[in-house]
Amino acid sequence: MKMKDSFWWGLAPALIIPFVIVMCVIMHNTEQDILSVVGKLPIIIRNSGISRLMISILPNLLLLFVFYVLQKDKAARGAFVGTVPYILVLFWVF
């Protein structure tokens, strides 16, 4: 079965995966419920340092590489576009 090349196949996981990873790391280190963590997320990220956000972006780079190797150019573009907001936040916060 041939995988369809679509911009959305790259964008959706690139937007979701870093958020899920950051939330898992934060929830692993705290006893608070998820709603209070989401409400305080900008403060938590600013105080926790650059490492958590950098770790969350790494799977996007792997996703971009996989789409590139599979020659799925539209999906690779979507993965790149989905990574850009996290990189901007990285530079804006730190």
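1. Helix 5, which runs over residues 73-93, is a convenient place to begin reading this predicted model. The helix has 21 residues, and because each residue should add 1.5 Å, a span of 30 Å is expected; the C-alpha atoms at its two ends are 31 Å apart, which agrees with that expectation. The buried residues of helix 5 are Ala-75, Ala-76, Gly-78, Ala-79, Gly-82, Thr-83, Tyr-86, Leu-90 and Val-93, and their packing partners are helix 1, helix 3 and helix 4, the last of these covering residues 50-69. As background to such a list, residues three or four places apart point the same way, because an α-helix has 3.6 residues a turn.

2. Helix 1 (7-28) can be read in the same manner. With 22 residues, helix 1 reaches 32 Å from its first C-alpha to its last, close to the 32 Å that 1.5 Å a residue would lead one to expect. Its buried residues are Gly-10, Leu-11, Ala-14, Pro-18, Val-22, Met-23 and Ile-26, and these pack against helix 2 (34-39), helix 3, helix 4 and helix 5.

3. For the chain as a whole, the secondary structure comes to five helices and zero strands, so that, from the N terminus on, the order of elements is written α-α-α-α-α. Taken along the principal axes, the C-alpha atoms fill a box of roughly 45 × 25 × 15 Å. Of the 94 residues in the chain, 29% are buried. If one takes the contacts between residues at least 6 apart in sequence, 69% of them join residues at least 24 apart.

4. Which residues make up the largest nonpolar core? There are ten, namely Val-22, Met-23, Ile-26, Val-37, Leu-41, Ile-45, Leu-53, Ile-57, Tyr-86 and Leu-90. Helix 1, helix 3, helix 4 and helix 5 each give two or more residues to this core, and helix 1 gives the most, with three residues. Leu-41, a member of the core, touches Phe-19, Val-22, Met-23 and Ile-26, when residues up to four places away in sequence are not counted. Another core, of six residues, lies apart from the largest one and includes Ala-14, Leu-63, Phe-67 and Ala-76.

5. The largest pocket holds about 190 Å³ of space, and the residues that line it are Pro-18, Phe-19, Val-22, Leu-41, Pro-42, Ile-45, Arg-46, Leu-53, Tyr-86, Val-89, Trp-92 and Val-93. Helix 1, helix 3 (41-48) and helix 5 are the elements that give two or more residues to this lining. By character, the lining divides into eleven nonpolar residues, no polar ones and one charged. A reader comparing the pocket with the core may note that Val-22, Leu-41, Ile-45, Leu-53 and Tyr-86 are named both in the lining and in the largest nonpolar core.

6. Two residues in helix 4 deserve a closer look, beginning with Arg-52, which has its place in that helix. Is Arg-52 buried or partly exposed? At 25% relative accessibility, Arg-52 counts as partly exposed, because buried would require a value under 20%. Not counting residues up to four places away in sequence, Arg-52 touches Val-22, Val-25, Ile-26, Asn-29 and Ile-44. From Arg-52 to Leu-63, which is eleven residues away in sequence, the C-alpha to C-alpha separation is 18 Å. Ser-51 also has its place in helix 4 and is partly exposed, with a relative accessible area of 42%. Although Ser-51 and Leu-90 are 39 residues apart along the chain, their C-alpha atoms are separated by 10.0 Å.

7. Ser-48 lies in helix 3 and, at 26% relative accessibility, counts as partly exposed. The C-alpha atoms of Ser-48 and Trp-92, which are 44 residues apart along the chain, are separated by 15 Å.

8. A last point concerns Gln-71, which lies in the loop between helix 4 and helix 5. The phi angle of Gln-71 is near 60 degrees, a positive value in a residue other than glycine. Gln-71 is exposed, because its relative accessible area of 65% is over the 50% cut-off.

Note on methods:
Residues are numbered from 1 along each chain as its sequence is written. This is a predicted model: local features need pLDDT of at least 70, side-chain atom pairs count only at pLDDT 80 or more; totals for chains, interfaces and linings use all residues. Side-chain values use heavy atoms; hydrogens and water are left out. On a 1 Å grid over the protein atoms alone, a cavity is a set of points where a 1.4 Å probe fits but cannot get out, and a pocket is an open set with protein on both sides within 12 Å along at least five of seven lines; lining residues have an atom within 4 Å of a point. Grid points are joined across faces, edges and corners, and a volume is the space filled by probe spheres set on the points. Helices (H or I, at least four residues) and strands (E, at least two) are DSSP runs, numbered from the N terminus. Ala, Val, Leu, Ile, Met, Phe, Trp, Tyr, Cys and Pro count as nonpolar, Asp, Glu, Lys and Arg as charged, and the others, Gly among them, as polar. The expected span of a helix is 1.5 Å times one less than its number of residues. Buried means under 20% relative accessible area, exposed over 50%, partly exposed in between (1.4 Å probe, protein chains only). Contact means heavy atoms within 4.5 Å. A nonpolar core is a set of buried Ala, Val, Leu, Ile, Met, Phe, Trp, Tyr and Cys residues joined through side-chain atoms within 4.5 Å.
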